[in-house]
2 protein chains.
Amino acid sequence: MKELRREPIVQRWVLISSEHPPANPKDSCPFCSGNEKDTPPEILAVRPPGGRADQWLLRVVPNVFPFFRIEGNLDRRAVGMYDEMNGIGAHELVIETPQHFQHWGTMSTEELSRVLWAYQQRFLDLRKDSRFRQVIVAKNHYSDHIRIPHQHSHIVAMPIIPKRIDEEIKGLDDYYRHKERCIFCDVLHEEIAVATRVVFESANFVAFCPYASRYPYELWVVPKNHAPDFAQISEPELKDLALNLRHVLGRLKAALHDPPYSLVVHSTPVQKFFHKGFHWHIELRPRVEERSGFEWATGFFVNFTPPEFAAKKLREAREE
Amino acid sequence: MKELRREPIVQRWVLISSEHPPANPKDSCPFCSGNEKDTPPEILAVRPPGGRADQWLLRVVPNVFPFFRIEGNLDRRAVGMYDEMNGIGAHELVIETPQHFQHWGTMSTEELSRVLWAYQQRFLDLRKDSRFRQVIVAKNHYSDHIRIPHQHSHIVAMPIIPKRIDEEIKGLDDYYRHKERCIFCDVLHEEIAVATRVVFESANFVAFCPYASRYPYELWVVPKNHAPDFAQISEPELKDLALNLRHVLGRLKAALHDPPYSLVVHSTPVQKFFHKGFHWHIELRPRVEERSGFEWATGFFVNFTPPEFAAKKLREAREE
């Protein structure tokens, strides 16, 4: 059973699944070179010219334990007063490197560019499916407890617009009605002018700790030029983004002793929900402290690390 | 430094504080009987008739490490393009019992009624302050890692309406415009009719696992009669709530081996934001599994424990 159910009050879609992924894989890493048979066939791969099956630089494979299943119709329906549809979607894994232990802060910008390029390819392919409204890239880097520690990221295509993206769109639209400007463009302008929260500025991107950071060392990486769609940025922009992320993650690793972190790409919804007012960006949350129940309970966040302090510490950190 | 800063895109207020509470208190528990000198003077206390200072049944004291400070003006101001005000508010602790180790699932309904009564008293008192828009009760029960394991809860009065409450109000208002009915009243009607997600029904309250539960074993306890304000429920209703919570927490403790949980009372905002369309309720989130970064990243939740399964397991659990 995989069902999308809509919470009727705040209208949040939740996937309810009775198929729990197993806690631990077998001893050998299914993502390491030589173990290609332990994953389903590749959706995308990068190999050097003439490379054998196990001589790859990057692979994209379907997740064996996906959030969604790909086959079937959405079958939107009422269940009493509630709204429900089938849990249809795509869930792929990007195996970012053949090396078991790696980190975005120590990878080469060339390797990191390849990962970002793979995201783009999958974004462009998955959005062709008319059932999907959003493609999300998310990555969890954990020092220890994660199912498979081998560097990888998730690409998820879903038939709904997730709540955070929806809230951003409402906020962007509201602001535009008042100012006829993009709020992210204004935020960038302000952050560059103030400078105290900037961690790293490259040709096309600014990485900064946002003014109202919910979490200690929260980071946003935002393109300087207004663009709704991560999948359509140019090759030079992609390389500059890799350079920026390489430095930001290198400093995060150094400053906070390789903390676990989660990272997500927020890009415009797709199909008829494509929104040219959207300003795509990356959000990053280091997991440096256990959260109390208060944030969950109220949606009100308390952050004991002012972003100005966090940004200074990250600016001054010495990368490996 | 304690500042309330508003995130400009989704308009979420965040408290940024440079005063981090210390990680661990000294060896002896400041909340145990006999250690009254280790807390600031009582705001409220319950003692048996003629009881000495250390013969109390319940105490309410100011938090020594409060989120907010109580003195001062809000001083709302612009900081560049952003919105800011002083971190003014109240932060009190309810020491629920003199016993160091206790649990709502094993306390008597009389003891639990006393805790709920104390919440009410503090709600009614704090809302007199015209600076405050919301009073929140939140409780974290952890089996192990919490600063002070002695059973206590937090009462926080704040000058803003927290995001979750604000979202509920928008949802309630939207629904009312369509149906001219309260959505919580309709949800209750549906849940009682369907019955599969109900955990415990008492004279005035229904505890159930919501249809689109974000978390495994998420629980809502909702009054059957529409009422916006927890602080104004009658004494019989309060006793019935204590009875309901006693059974629900008792079953949770038994079914999931005393899991950590967070609990919050959602009641109407106060002062000029009092909303008679609000339907107050309690939300409870057991912390039975580590959350991935996906929920944070997208606001989209994946829950591998269907609420019908969770409710059945809780219904069938045998309380101590």
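The following paragraphs describe the contact between chain A and chain B, the enclosed cavities, and the surroundings of one glutamate in a predicted model.

The interface comes first. On the side of chain A, 82 residues are in contact with chain B, and chain B likewise contributes 82 residues. Together the two chains bury about 6,800 Å² between them. Carbon and sulfur atoms account for 66% of this buried area. Polar interactions are present too: 26 residue pairs, both members at pLDDT 80 or more, are in polar contact across the interface of chain A and chain B. Helix α2 of chain A, spanning residues 163-179, supplies seven residues to the side that touches chain B, the largest share of that side. By class, this side of chain A is made up of 43 nonpolar, 16 polar and 23 charged residues.

Salt bridges also link the two chains, four of them across the interface. One of these joins K163(A) to E167(B), with the closest N and O atoms 2.9 Å apart.

Turning to enclosed space, it helps to recall that rolling a probe the size of a water molecule over the atoms reveals where empty space remains. In this model, eight cavities of 30 Å³ or more are found. The largest cavity holds about 90 Å³ of space. Both chains take part in its lining: E7(A), I9(A), V10(A) and R12(A) come from chain A, while R164(B), E168(B), P210(B), A212(B), R214(B), E218(B), W220(B) and E283(B) come from chain B. Which classes of residue line the largest cavity? Seven of the lining residues are charged and five are nonpolar, with no polar residues in the lining.

A closer look at E111(B) rounds off the picture. This glutamate sits in helix α1 of chain B, which covers residues 109-126. Through its side chain, E111(B) reaches the backbone nitrogen of S108(B) at 2.9 Å. Leaving aside residues up to four places away in sequence, E111(B) touches T97(B), Q99(B) and Q102(B). How far apart in space are E111(B) and E96(B), C-alpha to C-alpha? The two are 15 residues apart in sequence, and the distance between their C-alpha atoms is 8.2 Å.

Key. Residues numbered from 1 in each chain as written. Chains lettered and ligands numbered in written order. Predicted model: local features only at pLDDT ≥ 70, side-chain atom pairs only at ≥ 80, totals over all residues. Heavy atoms only, no water. 1 Å grid on protein atoms, 1.4 Å probe; cavity = no way out; pocket = protein on both sides within 12 Å on 5 of 7 lines; lining within 4 Å. Points joined across faces, edges and corners; volume = space filled by probe spheres on them. Nonpolar A, V, L, I, M, F, W, Y, C, P; charged D, E, K, R; others polar. Contact = heavy atoms within 4.5 Å. Buried area = accessible area lost by both parts, 1.4 Å probe. Salt bridge = Lys/Arg side-chain N within 4 Å of Asp/Glu carboxyl O. Polar contact = N/O pair within 3.5 Å; in protein donor to acceptor, adjacent residues only side chain to side chain. Helix = DSSP H or I, 4+ residues; strand = E, 2+ residues; numbered from the N terminus.
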